[in-house]
Amino acid sequence: MNIERIGVVGAGQMGIGIAHVCAIAGYDVVMEDINPDALGKARAAIERNLQRQAARGIITPNDVAPALRRIRTANDFEVMRDRDLVIEAATEDEQVKRAVYRDLCPRLGVNTMLASNTSSISITRLAAATDRPEKFIGLHFMNPAPVMQLVEIIRGIATDDETYHAAVELVKKTGKTSAQSEDFPAFIVNRILLPMINEAVYTLYEGVGSVEAIDTAMRLGANHPMGPLQLADFIGLDTALSVMQVLYEGLADSKYRPCPLLVKYVEAGWLGRKAGRGFYDYRGEKPVPTR
Ligand code: NAD
């Protein structure tokens with residue numbers, strides 16, 4: 001299966017990064033989002049990120065304009081008709097993703113592959129909500145996609161070999177490395193990473209340490225490049241909570257129960273960087289801990 005034209009559904013933090021990575025790798029990209037504001041911001045963000053990569057010598061200044069020309073935006077699924085692969089990167093909510101597939105699938109060519117960038121939801125179950133479970137696969141880019149080296153590839157029970165090999169080839173063409181994960185809740189990276197973040201929130205909730213103390217402790221004491229609460233803000237607290245709920249329900253083990261303080265932040269709309277406030281407040285010049 002030869003992939004040349006890619007569609008990206010959802011122009012949030014991940015959709016932006018995936019479109020960027022695919023355009024730099026030479027693919028023709030169309031991005032769609034239900035929210036026109038997100039699409040407007042997406043183009044500007046991709047341009048800024050490409051310029052930043054050029055300034056750092058990761059790509060050449062001559063790569064920027066052609067990559068931008070390869071990305072179009074739209075806010076309906078008609079533009080997905082001629083795509084070889086559509087990567088869904090909409091909100092981490094199973095009902096949202098199901099609604100996307102219901103409207104998207106009738107507009108796709110019979111051979112179009114469909115991938116989800118979900119952080120945690122069963123690929124087999126998502127695939128079963130489409131008309132093409134054999135052409136459905138998990139392609140889990142990490143955040144930020146242009147920077148992070150790994151893409152997890154998750155086969156659903158019905159995913160055929162052709163789709164799997166096409167996904168492996170795509171990851172190679174983007175210059176990234178893939179790791180295959182079996183289809184269990186949150187796959188490999190988030191099965192390990194999110195319980196650690198959730199535990200950091202419990203540590204804050206129980207008053208063991210302040211936001212600053214917890215992040216400093218893990219940066220300097222465990223040599224993590226960023227603290228777990230800083231990382232949670234970066235991921236998005238709604239996404240982090242969703243992943244914990246999937247682990248808790250999917251594995252039926254109380255060790256995965258989401259911390260009530262994480263729930264409270266999400267209820268407040270303090271979703272992390274993308275909302276301007278989470279465990280840190282980003283609205284001033286420097287991030288300030290909120291606890
Ligand atoms: P986000 O909140 O930044 O963006 C989600 C986007 O989806 C929004 O722009 C929203 O308008 C759009 N959307 C919602 N409903 C839609 C619909 N019906 N049709 C089209 N667009 C719709 O979220 P994100 O962080 O970009 O996460 C997107 C996906 O990527 C999720 O499945 C998430 O689990 C996964 N993911 C996130 C991270 C991370 O660190 N944030 C890392 C890897 C994977």
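Which residues point one way from strand β4, and which point the other way? Let's start there. In this predicted model, L85 and I87 point one way from β4, residues 85-88. V86 and E88 point the other way. All of them are buried. Yes, that includes E88, which is buried along with the others.

Now the neighbours of β4. Take β1 to begin with, residues 5-9. β1 and β4 pair in the parallel sense, over 4 bridges. For a specific contact, look at I6: it stands opposite L85 in β4.

Next, β5, residues 113-116. β4 and β5 run parallel, and 4 bridges join them. Here the residue to click on is V86, whose bridge partner in β5 is L114.

Stay on L114. It also has a bridge partner in β6, and that partner is F136. β5 and β6 pair over 3 bridges, again in the parallel sense. So much for the pairing; now the burial.

β6 covers residues 136-141. How many of its 6 residues are buried? The count is 6 of the 6, so β6 is largely enclosed by the rest of the structure. Both faces are covered. On one side you have F136, G138 and H140. On the other you have I137, L139 and F141.

Back to β5 for one more residue. A115 is found in that strand. Its relative accessible area is 0%, so A115 is buried. If you want a distance for scale, take A115 and G40. They are 75 residues apart in sequence, and their C-alpha atoms are 24 Å apart in space.

On to the helices. α1 runs over residues 13-24, which is 12 residues. From first C-alpha to last, α1 reaches 17 Å. At 1.5 Å a residue you would expect 16 Å, so the two values are close. α1 is also mostly covered, with 10 of its 12 residues buried. The buried set starts at M14 and includes G15, I16, G17 and I18. A19, H20, V21, C22 and A23 are also in that set. Just after the helix comes G26, with a positive phi of about 100°.

That brings me to backbone geometry. There are three more places to check.

Place one: N143 and P144. A cis peptide bond joins them, with omega at about -5°. P144 sits in the loop between β6 and β7, where β7 is 150-155.

Place two: A186. Its phi is positive, about 70°, although A186 is not a glycine. You will find A186 in the loop between β8, 177-181, and α7, 189-205. Is A186 buried or exposed? Relative accessibility is 0%, so A186 counts as buried.

Place three: A252. Phi is near 45°, again positive in a residue other than glycine. A252 lies in the loop between α10 and α11, the latter being 260-267. With a relative accessible area of 69%, A252 is exposed. The cut-off for that label is over 50%. So we have two alanines with positive phi: A186, which is buried, and A252, which is exposed.

While we are at this end of the chain, look at V263 in helix α11. Its relative accessibility is 26%, so V263 counts as partly exposed. The C-alpha atoms of V263 and R273 are separated by 16 Å, and the two are 10 residues apart along the chain.

Last topic: the second largest pocket. Its volume is about 240 Å³. There are 15 residues lining this pocket, and the closest to its centre are E94, I121, R125, V246 and E249. What is the make-up of the lining by residue class? It divides into 4 nonpolar, 5 polar and 6 charged.

Which helix gives the most to that lining? That is α10, residues 237-251, with 5 residues. The lining also draws on both domains. At least three residues come from domain 1, 5-181, and at least three from domain 2, 191-282.

To recap. β4 pairs in parallel with β1 and with β5, and β5 pairs with β6. The cis bond is at N143 and P144. And the second largest pocket takes lining residues from domain 1 and domain 2. That's it from me.

Note on methods. Residues numbered from 1 in each chain as written. Predicted model: local features only at pLDDT ≥ 70, side-chain atom pairs only at ≥ 80, totals over all residues. Heavy atoms only, no water. Helix = DSSP H or I, 4+ residues; strand = E, 2+ residues; numbered from the N terminus. Buried < 20%, exposed > 50% of the residue type's maximum accessible area, 1.4 Å probe, protein only. 1 Å grid on protein atoms, 1.4 Å probe; cavity = no way out; pocket = protein on both sides within 12 Å on 5 of 7 lines; lining within 4 Å. Points joined across faces, edges and corners; volume = space filled by probe spheres on them. Nonpolar A, V, L, I, M, F, W, Y, C, P; charged D, E, K, R; others polar. Domains from an automatic or database assignment. Pairing = 2+ DSSP bridges.
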